[in-house]
Amino acid sequence: MIYYQTNSLVIRNMKQLDAQIFTDEEIAQGWHTDISKYLMRLKDQAEGKSISLTAEYEGYPAGYVNVYLIGLGGPFCGMKLPEIVDFGVLEKYRRKGIGSKLMDVAEQIAGQYADTVWLGVGLHSGYGSAQRMYVKRGYIPDGSGIWYQDRQCRPYEAGIANDDELVLYLSKELHN
C-alpha cells in the first residue's frame with residue numbers, strides 16, 4: 001500500500017527486499033545491525049501487529065519506521081496505545097524531509113487507533129537528531145525516567161550502559 005507519493009518520495013509498506021537493502025546500507029555506514037530486526041518487523045506486519053513503512057527516495061529505500069498497533073513494552077504497555085518503533089533514515093538521505101514525512105504518516109496511522117502515540121528514544125549521541133526531531137514534533141517525556149533493557153531504572157542504579165538499550169519514553173497527543 002502507498003501512503004504518500006510525490007515525484008521523488010514514496011512512503012509504502014515495507015517489502016522483503018527492503019530488509020536486505022537496509023541491512024547492507026546500515027552496515028556500510030558503521031551501524032551494528034543485522035537483517036533479523038527487519039524480518040521480525042515484516043513478520044509482525046504480516047500478522048497484523050504493526051504497519052512497517054519504507055520511504056523510497058528517487059526509487060531507492062531511504063528510511064523506515066514501524067507503527068505497532070499496541071505497544072511492545074515500556075511505561076505505556078498494556079494501555080492499548082500505538083507505539084512508533086525503530087525509526088531510521090540512511091545517512092546519505094538525511095536533510096531531505098524524509099524523516100519528517102515518515103513520522104507524519106506514522107502519526108496519521110497511529111491516530112486511527114488512539115489519540116496518543118508513544119515511542120522510546122535512545123539516549124546516546126547517535127540518537128541526537130531523533131531526540132531533537134521528537135521534541136520539535138511535540139513529544140514529551142512520560143515522567144517514568146530512563147529504561148534499560150525493557151525495565152525502568154532505579155535512581156543511582158549501577159550496571160547501566162549508554163548503549164541502544166538505554167531509552168527515554170515520550171508520548172504525543174494526536175488530536176486536540
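**Helix 4, the fold and two cysteines**

Colleague: Which elements do the buried residues of helix 4 pack against?

Modeller: Keep in mind that this is a predicted model. The buried residues of helix 4 have partners among both helices and strands. Going along the chain, these are strand 5 (83–89), helix 3 (98–111), strand 6 (116–122) and strand 9 (166–173).

Colleague: And which residues of helix 4 are buried?

Modeller: Helix 4 covers residues 128–136. Buried here means under 20% relative accessible area. In helix 4 that applies to Gly128, Ala130, Met133 and Tyr134.

Colleague: Which residue follows helix 4, and what is its phi?

Modeller: The residue to look at is Gly138, which comes after helix 4. Its phi is positive, near 100°.

Colleague: Stepping back, in what order do the elements of the chain run?

Modeller: The chain has 4 helices and 9 strands to place. Read from the N terminus on, the order is β-β-α-α-β-β-β-α-β-α-β-β-β.

Colleague: How compact is the chain, going by its radius of gyration?

Modeller: For 176 residues the globule rule gives 16 Å, and the chain comes close to that, so it is as compact as a globular protein of that length. Along the principal axes, the C-alpha atoms fill a box of roughly 50 × 40 × 30 Å. The radius of gyration itself is 16 Å.

Colleague: What share of the contacts is between residues 24 or more positions apart?

Modeller: The count takes contacts in the chain with a separation of 6 or more. Of those, the share from residues 24 or more positions apart is 61%.

Colleague: How much of the exposed area do carbon and sulfur atoms supply?

Modeller: Start with burial: 48% of the 176 residues are buried. The chain still exposes about 9400 Å². The part of that area supplied by carbon and sulfur atoms is 51%.

Colleague: How far apart are the mean positions of the positive and negative charges?

Modeller: The chain carries 18 positive and 22 negative charges. Take the mean position of each set, and the two lie apart by 4 Å.

Colleague: Why is there no bond between Cys77 and Cys153? How many disulfides does the whole structure have?

Modeller: A disulfide needs the two sulfur atoms within 2.5 Å. The closest cysteine sulfur to that of Cys77 is in Cys153, and because they are 17 Å apart, that is too far for a bond. The search of the whole structure gives a disulfide count of 0.

Colleague: Is Cys153 buried or exposed?

Modeller: Cys77 is partly exposed, at 42% relative accessible area. Cys153 has a relative accessibility of 13%, and the cut-off for burial is under 20%. Cys153 therefore counts as buried.

Key:
Residues are numbered from 1 along each chain as its sequence is written. This is a predicted model: local features need pLDDT of at least 70, side-chain atom pairs count only at pLDDT 80 or more; totals for chains, interfaces and linings use all residues. Side-chain values use heavy atoms; hydrogens and water are left out. Helices (H or I, at least four residues) and strands (E, at least two) are DSSP runs, numbered from the N terminus. The radius of gyration is taken over C-alpha atoms; the globule rule is 2.2 Å times the number of residues to the power 0.38. Buried means under 20% relative accessible area, exposed over 50%, partly exposed in between (1.4 Å probe, protein chains only). Contact means heavy atoms within 4.5 Å. Accessible areas come from the Shrake-Rupley method with a 1.4 Å probe; for residues, only the protein chains shown count as cover. Lys and Arg count as positive and Asp and Glu as negative; His and the chain ends are not counted. The place of a charge is taken as NZ of Lys, CZ of Arg, CG of Asp or CD of Glu.
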